[in-house]
Amino acid sequence: LQANPESAQAARDVSVSLIKLADFLASRGLPGDPEKALAYYTRDLEISERLLQASPESAEAARDVSVSLERLGDFLASRRLPGDPEKALGHYQRSLAVRQRLLQANPESAQAARDVSVSLERLGDFLGNRGLPGDPEKAWGHYQRSLEVRERLLQANPESAQAARDVSVSLERLGDFLGNRGLPGD
């Protein structure tokens, strides 16, 4: 990348390496690893956003930004320092917004629809675990929307094992959510 600073492929390769390093450090658990992981996730997001800025019509660049946001959100959600949950939620919401724009631009893309369903599920998981007032209702809504997207994908591709699996995962998530919520009728 230093030798070819204009190379989008070189920048994307550096971005992938940063995510791998960040994931490794986030899971290793030695002193100082979380700070280094956060720095790598942040650098990855900066590179991904620059690539998207340079090629705003690139679906690959937009998807890379959404993945970077999601990874950073996952890290912050698991780290749980003061302020991390709010930042994680912001990253998850931004990731969903990017993915929804991609789907809007490519309404026939099964990958774009699946990515939206994954973001909705991720938000449902986060809100379902966070436990603030109003979170369960929001989580339920995200899980339901994710299931709707996945059911449409299965309907459009009835032979797709991935689409069928995704529907079953959504149903399982909804079942787990209701089982844990414990309201009458759940």
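Buried here means under 20% relative accessible area, exposed over 50%, and partly exposed anything in between, with a 1.4 Å probe and protein chains only. Keep that in mind as you click through this predicted model, in which local features need pLDDT of at least 70, side-chain atom pairs count only at pLDDT 80 or more, and totals for chains, interfaces and linings use all residues. Residues are numbered from 1 along each chain as its sequence is written, and side-chain values use heavy atoms, with hydrogens and water left out.

**Stop 1: helix 2**

Select residues 33–54, which form helix 2; helices are DSSP runs (H or I, at least four residues) numbered from the N terminus. Its 22 residues should span 32 Å at 1.5 Å a residue, and the end C-alpha atoms are indeed 32 Å apart. That expected span is 1.5 Å times one less than the number of residues.

Now colour the buried residues of this helix: Asp33, Ala37, Tyr41, Asp44, Leu45, Ile47, Ser48, Leu51 and Leu52. Look down the axis of helix 2 and they fall within an arc of 165 degrees, so they line one face; the arc is taken from the directions from the helix axis to the C-beta atoms. An α-helix has 3.6 residues a turn, so residues three or four places apart point the same way.

Turn to the face away from the buried side of helix 2 and you will find the exposed Glu35, Arg50, Gln53 and Ala54. What do the buried residues of helix 2 pack against? Show helix 1 (8–28), helix 3 (59–79) and helix 4 (84–105), with contact meaning heavy atoms within 4.5 Å.

**Stop 2: aromatic rings**

The structure holds 4 aromatic pairs. Rings of Phe, Tyr and Trp (its six-membered ring) pair if their centres lie within 6.5 Å; planes under 30 degrees apart count as stacked, over 60 as edge-to-face and the rest as tilted. Select Tyr41 and Phe75, a tilted pair at 5.4 Å centre to centre and 45 degrees between the planes. Tyr41 belongs to helix 2 and Phe75 to helix 3, so the pair ties together parts 34 residues apart in sequence. Both residues, Tyr41 and Phe75, are buried.

Next, pick Trp140, Tyr143 and Phe177, which ring pairs link into a cluster.

**Stop 3: aspartate 84**

Move to Asp84 in helix 4. Asp84 is buried, at 0% relative accessible area. Setting aside neighbours within four places in sequence, Asp84 contacts Leu76 and Arg79.

Technical notes: Helix = DSSP H or I, 4+ residues; strand = E, 2+ residues; numbered from the N terminus.
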